[in-house]
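Open the model in your viewer and keep the selection panel at hand. Each stop below says what to pick next and what is there.

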Amino acid sequence: MIMQNTILRSDTIASMSNLLITHANIITMTQPNHVVRDGSLLITDGVIAQISEGLIAAPAGATTIDAGGKYLLPGNICSHTHFYGAFARGLYIPGAPAKNFVEILQKLWWRLDRALDIEGSKYSALVCLVDAIKHGTTTLIDHHASPDAIEGSLDAIADAVADSGLRAGLCYEVTDRNGMDGAKRGIEENVRFAKRILNSEFRIQNLAAAFGVHAQFTVSDATLDTCAGLANELGIPLHIHVAEDNADELEAIKHHNMRAVQRLARHNALNSKSMLAHCIHIDEAEMELVKAAGAKVMHQPRSNMNNGVGAARVQTMLECGICVGLGNDGFSNDAFAEMTICDKLHKVTALDPRAMGADKITGMVYQNNAKIAQMFFPQTTGVLAAGSPGDVILMDYHPFTEIHKDNVPWHMVFGMDGGMVTHTIVGGRVLMADRKLLTLDEAEIAAKGKEVSGRAWKKFWQICEAEGDK
């Protein structure tokens with residue numbers, strides 16, 4: 001059930017006027033945290049109206065869900081992802097194995113993105129949105145690239161998001177690597193889409209815009225100046241990869257006589273609306289610049305491990321006052337899996353079982369990701385409280401040890417996983433009930449996805465052959 005051209009349809013995001021969830025074990029994720037046993041939660045006009053122990057009297061005409069003892073949590077937020085990366089699943093890199101991250105970009109990602117057409121952009125988003133609903137991720141911040149099909153690509157993704165009922169902040173990745181015309185077209189796509197969202201007469205509260213830039217090492221001074229200036233003028237976040245690999249820092253030093261974050265600051269691309277993905281190789285001086293600017297950092301442990309690029313000094317950044325959130329960089333939208341890997345990565349990297357800790361990780365996911373999402377959706381809180389958005393999930397979790405307000409983070413990291421999610425609700429609208437998707441047809445999307453990805457793979461191999469790889 002995939003509706004067409006829904007971005008401008010106000011009814012696609014309409015929520016039930018009253019949704020009452022009863023007999024739930026409610027984990028608020030507030031500070032301090034609370035666990036409400038056998039409680040009820042009422043969502044009215046998309047916003048949490050009341051949380052109570054015991055039963056809340058159902059308003060006339062309310063829809064009621066009996067949770068039957070399931071755990072009720074805030075919907076998860078993913079602060080950095082790549083929908084377009086979905087079609088890489090099962091695709092191998094041709095020729096000799098890539099020996100570093102730059103070669104991974106050149107041999108895989110910078111070919112796959114060129115293989116996408118508009119339909120490819122839409123269906124790579126749809127398969128990720130299905131995955132997000134199934135695993136309880138309700139808000140996603142995406143960073144898109146399709147150099148041979150730029151114009152309208154963000155509209156195609158927006159239509160997919162509107163169909164799903166999830167929330168998403170979207171941008172197009174500007175880069176000079178495909179020529180200055182490609183950079184110009186990427187800039188224009190960001191501006192066009194942002195103006196469409198910002199100036200819309202329709203209620204598009206589930207969609208928002210950022211200004212995307214690939215990384216400082218693939219843009220000229222002129223391009224970086226233009227992107228930063230337009231993002232500031234439009235009042236939207238600037239979303240960019242920073243020091244994912246040390247090659248980014250080495251390039252900045254070699255060609256600009258400064259480090260990556262310093263270059264962003266020099267070109268007015270570092271401020272409280274800057275979103276810096278990765279930041280693995282930034283030094284202490286750069287951290288101070290990030291902190292002073294109020295910029296946000298997004299950490300992606302599974303991706304960083306897969307690419308062999310290192311581990312960001314997340315604990316150091318948190319201790320110095322930087323807001324660090326947790327994304328997935330295009331991996332599955334199971335936030336619980338990302339939390340678990342985050343915990344283990346930093347312990348083994350530090351050779352210290354005290355490193356990080358589940359409480360710091362859940363702070364990244366619920367408090368810090370909410371701060372990042374607030375740049376797109378100001379009402380976002382990442383908690384269950386009266387006045388917060390009705391973005392909630394139910395989990396079929398059966399702990400065999402005590403769970404209370406203080407040890408919830410350790411249950412999340414060591415016990416819960418996204419496969420336990422039975423209901424996903426956004427703004428009071430039920431997107432999945434008893435593990436049945438209600439807004440998207442998974443089988444239809446998967447079937448069409450195979451057709452569309454097959455077309456993308458064919459073009460990918462043509463590009464590989466043209467560039468000397470088979």
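## Stop 1: Ser79

Select Ser79 and Asn369: their side chains are joined by a polar contact of 3.1 Å. Keep in mind throughout that this is a predicted model.

Now show the backbone of Leu326. Its oxygen lies 3.1 Å from a polar atom of the Ser79 side chain. Ser79 sits in strand E6.

Is Ser79 buried or exposed? Ser79 has a relative accessible area of 0%, so it is buried. The cut-off for buried is under 20%.

Expand the selection to the contacts of Ser79. Leaving aside neighbours within four places in sequence, they are Ile141, His239, Met275, Met298, Gly325, Leu326, Gly327, Asn369 and Ile372.

## Stop 2: the second largest cavity

Stay with Leu326 and Gly327. Both are among the residues nearest the centre of the second largest cavity, together with Ile77, Cys78 and Ala335. The lining has 14 residues. Three elements give two or more residues to that lining: strand E6 (76–81), helix H11 (335–350) and helix H12 (358–373).

The volume of this second largest cavity is about 90 Å³. By class, its lining has five nonpolar, six polar and three charged residues.

## Stop 3: the six-stranded sheet

Next, switch to a cartoon view and colour the strands in the order E9-E11-E12-E13-E14-E15. They form an open sheet of six strands with parallel pairing. Strand E9 (173–174) and strand E15 (323–326) are the edges, each pairing on one side only.

Zoom in on strand E13 (274–278) and strand E14 (296–299). Three bridges pair them in the parallel sense. Pick Ala277, then look across to E14: its bridge partner there is Met298. Met298 is also one of the contacts of Ser79 from the first stop.

While the side chains are on display, recall a general point. In a regular strand, side chains alternate between the two faces of the sheet.

## Stop 4: the largest pocket

Select Gly85, Ala86, Ala88, Arg89 and Gly330. Of the 49 residues that line the largest pocket, these lie nearest its centre. The pocket has a volume of about 1,200 Å³.

Which element gives the most to the lining of the largest pocket? Helix H14 does, with eight residues. Select residues 442–466 to see this helix.

Other elements that each supply at least two lining residues include helix H1 (101–112), helix H2 (118–135), helix H6 (246–256) and helix H9 (301–307). Strand E11 (211–215) and strand E12 (238–242) of the six-stranded sheet do so too.

Colour the pocket lining by class. You get 25 nonpolar, 13 polar and eleven charged residues.

## Stop 5: Ser124

Follow helix H2 to Ser124. At 0% relative accessibility, Ser124 counts as buried.

Display the polar contacts of its side chain. The Ser124 side chain reaches the backbone oxygen of Gly120 at 2.9 Å. The backbone oxygen of Ser121 lies 3.1 Å from a polar atom of the same side chain.

Beyond neighbours within four places in sequence, Ser124 is in contact with Phe83, Tyr84, Ala86 and Phe87. Ala86 was one of the residues nearest the centre of the largest pocket.

## Stop 6: strands E16, E17 and E18

Move on to strand E17 (421–426). Six of its six residues are buried, so the strand is largely enclosed by the rest of the structure.

Add strand E16 (392–395). Four bridges join E16 to E17, and the two run antiparallel. Pick Val392: its bridge partner in E17 is Ile425.

Then add strand E18 (429–433). Three bridges join E17 to E18, again antiparallel. Val426 stands opposite Arg429 in E18.

E17 and E18 form a hairpin with two residues between them. Click Gly427 in the turn: its phi is positive, at about 55 degrees.

## Stop 7: the largest cavity

Finish with Thr380, Thr381, Gly382, Pro389 and Asp391. Of the 15 residues that line the largest cavity, these lie nearest its centre. About 110 Å³ of space lies inside.

The lining of the largest cavity divides into six nonpolar, seven polar and two charged residues.

How many cavities of 30 Å³ or more are there? The count comes to five.

Terms used: Residues numbered from 1 in each chain as written. Predicted model: local features only at pLDDT ≥ 70, side-chain atom pairs only at ≥ 80, totals over all residues. Heavy atoms only, no water. 1 Å grid on protein atoms, 1.4 Å probe; cavity = no way out; pocket = protein on both sides within 12 Å on 5 of 7 lines; lining within 4 Å. Points joined across faces, edges and corners; volume = space filled by probe spheres on them. Nonpolar A, V, L, I, M, F, W, Y, C, P; charged D, E, K, R; others polar. Pairing = 2+ DSSP bridges. Buried < 20%, exposed > 50% of the residue type's maximum accessible area, 1.4 Å probe, protein only. Polar contact = N/O pair within 3.5 Å; in protein donor to acceptor, adjacent residues only side chain to side chain. Contact = heavy atoms within 4.5 Å.
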